[in-house]
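Subject: Handing over a structure, with notes

Dear colleague,

I am passing this structure on to you, and below it you will find my notes. Please look through the sequence and the model before reading on.

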Amino acid sequence: MTLTEDQQMMVDAIDQICRSIVTDEYSAEIDRVARYPVEVMDALAAQGWAALPVPEEAGGGGASAQDLVVIHETLARHNLVVGQAYFSLWVLGAEAIERLGTPEQKAEWLPRIMEGANVAFALTEPGSGSDAAALRTAAIRDGDDFVVNGSKVFITGAAVSEVIITGVRTSTGGRKQEGITSLMIDPTLPGVDIRKLSKMGLKGLDLCEVFFDNVRVPASAVLGAVDTGWAGMLPGLANERLLLAALSVGALRDLLDRCLVHAQQRESFGKPIAGHQLIAEKLVEMRVAIEANHALTMQAAALVDAGDPDAVNVASMAKLSATRDYISATREAVQIFGGYGFTDEYPVSRHYRDCKYLEIGGGTSEIQKIVIARSMGIRL
Ligand SMILES: Cc1cc2nc3c(=O)[nH]c(=O)nc-3n(C[C@H](O)[C@H](O)[C@H](O)COP(=O)(O)OP(=O)(O)OC[C@H]3O[C@@H](n4cnc5c(N)ncnc54)[C@H](O)[C@@H]3O)c2cc1C
């Protein structure tokens with residue numbers, strides 16, 4: 001990849017931290033016991049990487065969208081869980097609080113995020129996923145508080161977060177996009193119950209159900225304006241597409257590295273399996289997918305940085321393409337490793353399990369296709 005001098009320095013610095021902690025043994029253990037990779041996240045925060053998404057005016061690193069793509073690719077090349085945690089728990093929250101927060105909220109939360117505090121984001125409910133604006137968790141004003149009742153599902157990192165930015169319905173009767181408000185809910189408040197879901201992959205990052213039973217949240221916890229939460233969430237969700245594409249490219253780089261080594265060492269019929277054209281073709285397809293998706297993702301990021309209205313559509317294309325290619329590649333990678341690939345002794349089996357969420361979270365592939373079709377003037 002072609003990087004600026006600053007971006008290359010970022011890659012080198014993150015590589016150095018990750019190489020010293022995120023060994024294959026470490027990643028295998030995080031996966032086996034399903035625990036948050038606190039050591040590497042703490043090390044990243046200690047060296048200032050949690051501050052990077054925060055704007056310079058607020059004391060942060062002021063990373064551009066292109067910088068963030070490079071960082072997410074680099075993290076995911078070491079471990080997808082680490083890259084996903086970086087996005088879900090630091091980037092998403094910092095962006096929303098910086099853009100929508102009151103001076104008091106920014107003063108409280110941005111320094112905490114820069115030190116590594118986790119912020120979860122809860123939109124999805126049991127009855128509304130792709131159709132997220134149909135959410136029903138209710139927040140009713142009562143004096144200086146809102147009283148929240150309802151539940152969320154598939155909330156990344158809720159069990160390790162200090163606050164959960166939660167989409168709630170504060171009024172009804174209009175269009176479903178109206179009457180939505182974002183509340184910064186302290187997960188230790190009485191009436192909040194968090195339960196981890198068991199899942200097929202990405203085991204180091206919890207995925208939770210969050211229940212709200214008469215939770216009293218102070219009105220000072222409103223992020224943005226009451227009843228206008230939907231519009232406030234959209235830029236963050238668009239950013240998510242871009243950075244999930246970057247995570248896919250980074251993880252695919254790791255996969256190809258591993259497949260190349262194995263295919264050049266493993267022999268069958270008197271030569272390395274890489275020398276069989278059917279195996280070489282799989283490796284070539286991975287290489288092409290990396291270059292094509294990196295370029296598309298960087299193009300989307302450049303449009304974001306330029307404030308181009310088409311950025312959101314190109315980010316959808318990048319997410320659709322990069323997640324699809326990475327997921328297909330994990331299947332081929334297990335094939336290249338043969339029986340060994342089916343065991344947990346080799347990281348390709350973890351890639352195979354971890355990757356699938358990428359075409360579900362952050363807007364499914366079907367939803368990305370709808371966004372792209374609409375950008376082409378197609379009425380669906
Ligand atoms: C690992 C992971 C992490 C997540 N983290 C978070 C998080 O931190 N916070 C959060 O709020 N949510 C999170 N989610 C939830 C995620 O955003 C939703 O799962 C996603 O939006 C899809 O919603 P759903 O699961 O309810 O599927 P549904 O909306 O029920 O969709 C089911 C299927 O129908 C398809 N479909 C739906 N509508 C259409 C349509 N109009 N046309 C064609 N096909 C359609 C979908 O593409 C999908 O294939 C996470 C999910 C996962 C898997």
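Is phenylalanine 269 buried or exposed? Please keep in mind while looking that this is a predicted model. Phenylalanine 269 is exposed, with 7 other C-beta atoms within 10 Å, and it sits in the loop between strand 9 (267-268) and strand 10 (271-272). Its phi is positive, at about 50°, although the residue is not a glycine. Between phenylalanine 269 and glycine 127 there are 54 Å in space, C-alpha to C-alpha, and 142 residues in sequence.

Phenylalanine 154 also has a positive phi, of about 60°, without being a glycine, but its setting is another one. This residue lies in strand 3, and it counts as buried because it has 20 C-beta neighbours inside 10 Å.

On the overall layout, the protein chain is divided into domain 1 (5-118), domain 2 (120-226) and domain 3 (231-375). The centres of domain 2 and domain 3, taken over C-alpha atoms, are separated by 30 Å. Where these two domains meet, eight residues of domain 2 are in contact with eight residues of domain 3, and the side that domain 2 contributes consists of three nonpolar and five polar residues, with no charged ones.

The ligand belongs to the same part of the story, since domain 2 and domain 3 both give residues to the shell around the ligand, and it therefore lies between them. There are 19 residues around the ligand, of which Leu123, Gly129, Ser130, Thr364 and Glu366 come nearest. Strand 1 (119-122), strand 3 (145-156) and helix 12 (365-375) are the elements that give two or more residues to this shell. By character, the residues of the shell divide into eleven nonpolar, seven polar and one charged.

Turning to the interior, the largest nonpolar core has 117 residues, and within it Leu183 and Leu242 touch the most other members. If residues up to four places away in sequence are left aside, leucine 242 touches Ala65, Val69, Thr297, Ala300, Ala301, Val304, Ala315 and Ala318.

Two helices deserve a look in this connection. Helix 9 (311-337) has 27 residues and reaches 38 Å from its first C-alpha to its last, which is close to the 39 Å expected at 1.5 Å a residue. Of those 27 residues, 21 are buried, so helix 9 is largely enclosed by the rest of the structure. Glycine 338, whose phi is positive and near 60°, follows helix 9.

Helix 11 (residues 347-354) is likewise largely enclosed by the rest of the structure, because seven of its eight residues are buried. The buried residues are Pro347, Val348, Ser349, Arg350, His351, Tyr352 and Asp354. What covers them includes helix 9 itself, together with helix 2 (24-33), helix 5 (80-100), helix 7 (229-265) and helix 10 (339-342).

If you have time for one place to begin, I would suggest the shell around the ligand, which lies between domain 2 and domain 3.

With best wishes

How values were computed:
Residues numbered from 1 in each chain as written. Predicted model: local features only at pLDDT ≥ 70, side-chain atom pairs only at ≥ 80, totals over all residues. Near = placed C-beta within 6 Å. Helix = DSSP H or I, 4+ residues; strand = E, 2+ residues; numbered from the N terminus. Nonpolar A, V, L, I, M, F, W, Y, C, P; charged D, E, K, R; others polar. Domains from an automatic or database assignment. Contact = placed C-beta atoms within 7 Å. Core = buried A, V, L, I, M, F, W, Y, C linked by C-beta atoms within 7 Å. Buried ≥ 20, exposed ≤ 12 C-beta atoms within 10 Å, placed from the backbone. Expected span 1.5 Å × (residues − 1).
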